[in-house]
Amino acid sequence: MAEATDDRLRLLIERIERLEEEKKGIADDIRDVYSEAKAVGYDTKIMRQIVRLRKMDHNDRSEMEMILDTYKAALGMG
């Protein structure tokens, strides 16, 4: 029984290690895309914000934008 448990643990650890490698590869690919965008003149900081906003639920994004506008108005920013 202990050997089966040990094998199961080893397999789980190996899966995690493979996934971590894949995650690193994907992160490298994303970095390359941002580098490409920067090379042709896009503002990558703004692109990252757009990606983050697009991930958000529409209602959450609307609420955040409303609060941001309220704070900006309170600070005389607009």
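The following exercises, each with a worked solution, concern a predicted model of a protein chain.

**Exercise 1. Overall form**

Task: Determine which secondary structure elements the protein chain contains and how its radius of gyration relates to that of a compact globule.

Solution.
1. The secondary structure amounts to 3 helices and 0 strands, and the order along the sequence is α-α-α.
2. For 78 residues, a compact globule would have a radius of gyration near 12 Å, whereas the protein chain has 22 Å.
3. Along the principal axes, the C-alpha atoms occupy a box of roughly 70 × 35 × 20 Å.
4. Of the 78 residues, 4% are buried.
5. The accessible surface of the chain is about 7,300 Å², and carbon and sulfur atoms account for 57% of that area.

**Exercise 2. The span of helix H1**

Task: Establish what span is expected for H1 and what distance separates its end C-alpha atoms.

Solution.
1. Helix H1 covers residues 2-39, and its 38 residues enter the calculation at 1.5 Å a residue.
2. The expected span takes one less than the number of residues, which gives 56 Å for H1.
3. The end C-alpha atoms of H1 lie 55 Å apart, in agreement with the expected span.
4. Just after H1, Gly41 adopts a positive phi of about 105°.

**Exercise 3. Salt bridges around Arg10**

Task: Identify which residues form salt bridges with Arg10, and explain the placement of each pair in helix H1.

Solution.
1. The structure has 5 salt bridges in total. The cut-off to apply is a nitrogen-to-oxygen distance within 4 Å.
2. Arg10 bridges to Asp7, with the closest N and O atoms 3.9 Å apart.
3. A second salt bridge links the side chains of Arg10 and Glu14, at 3.3 Å from N to O.
4. Arg10 and Asp7 are separated by about one helical turn because they stand 3 residues apart in H1. Arg10 and Glu14 are 4 residues apart in this helix, again about one turn.
5. The geometric reason is general: an α-helix has 3.6 residues a turn, so residues three or four places apart point the same way.
6. For accessibility, the partly exposed class lies between 20% and 50% relative accessible area. Arg10, at 42%, is therefore partly exposed. Asp7 is partly exposed at 33%, and Glu14 is partly exposed at 29%.

**Exercise 4. A further bridge in H1, and the network**

Task: Describe the salt bridge between Asp28 and Arg31, and state which residues are joined into one network by salt bridges that share partners.

Solution.
1. The closest N and O atoms of Asp28 and Arg31 are 3.1 Å apart.
2. Both residues belong to H1, where Asp28 and Arg31 are 3 residues apart, about one turn of the helix.
3. Asp28 has a relative accessible area of 25% and is partly exposed; Arg31, at 44%, is partly exposed as well.
4. Through salt bridges with shared partners, Asp7, Arg10 and Glu14 form one network.

**Exercise 5. Aromatic rings**

Task: Report how many aromatic pairs a search of the whole structure finds, and which residue lies over the face of Tyr34.

Solution.
1. Searching the whole structure yields 0 aromatic pairs.
2. The face of Tyr34 is instead covered by Arg48, which lies 3.9 Å from the ring centre.

**Exercise 6. Locating Thr70**

Task: Place Thr70 in its helix, decide whether it is buried, partly exposed or exposed, and state how far it is from Met47.

Solution.
1. Thr70 belongs to helix H3, which spans residues 58-74.
2. With a relative accessible area of 47%, Thr70 is partly exposed.
3. Between Thr70 and Met47 there is a separation of 23 residues in sequence, and their C-alpha atoms are 24 Å apart in space.

Note on methods: Residues are numbered from 1 along each chain as its sequence is written. This is a predicted model: local features need pLDDT of at least 70, side-chain atom pairs count only at pLDDT 80 or more; totals for chains, interfaces and linings use all residues. Side-chain values use heavy atoms; hydrogens and water are left out. Helices (H or I, at least four residues) and strands (E, at least two) are DSSP runs, numbered from the N terminus. Buried means under 20% relative accessible area, exposed over 50%, partly exposed in between (1.4 Å probe, protein chains only). Rings of Phe, Tyr and Trp (its six-membered ring) pair if their centres lie within 6.5 Å; planes under 30 degrees apart count as stacked, over 60 as edge-to-face and the rest as tilted. A charge sits over a ring if NZ of Lys or CZ of Arg is within 6 Å of the ring centre and within 35 degrees of the ring normal. The radius of gyration is taken over C-alpha atoms; the globule rule is 2.2 Å times the number of residues to the power 0.38. Accessible areas come from the Shrake-Rupley method with a 1.4 Å probe; for residues, only the protein chains shown count as cover.
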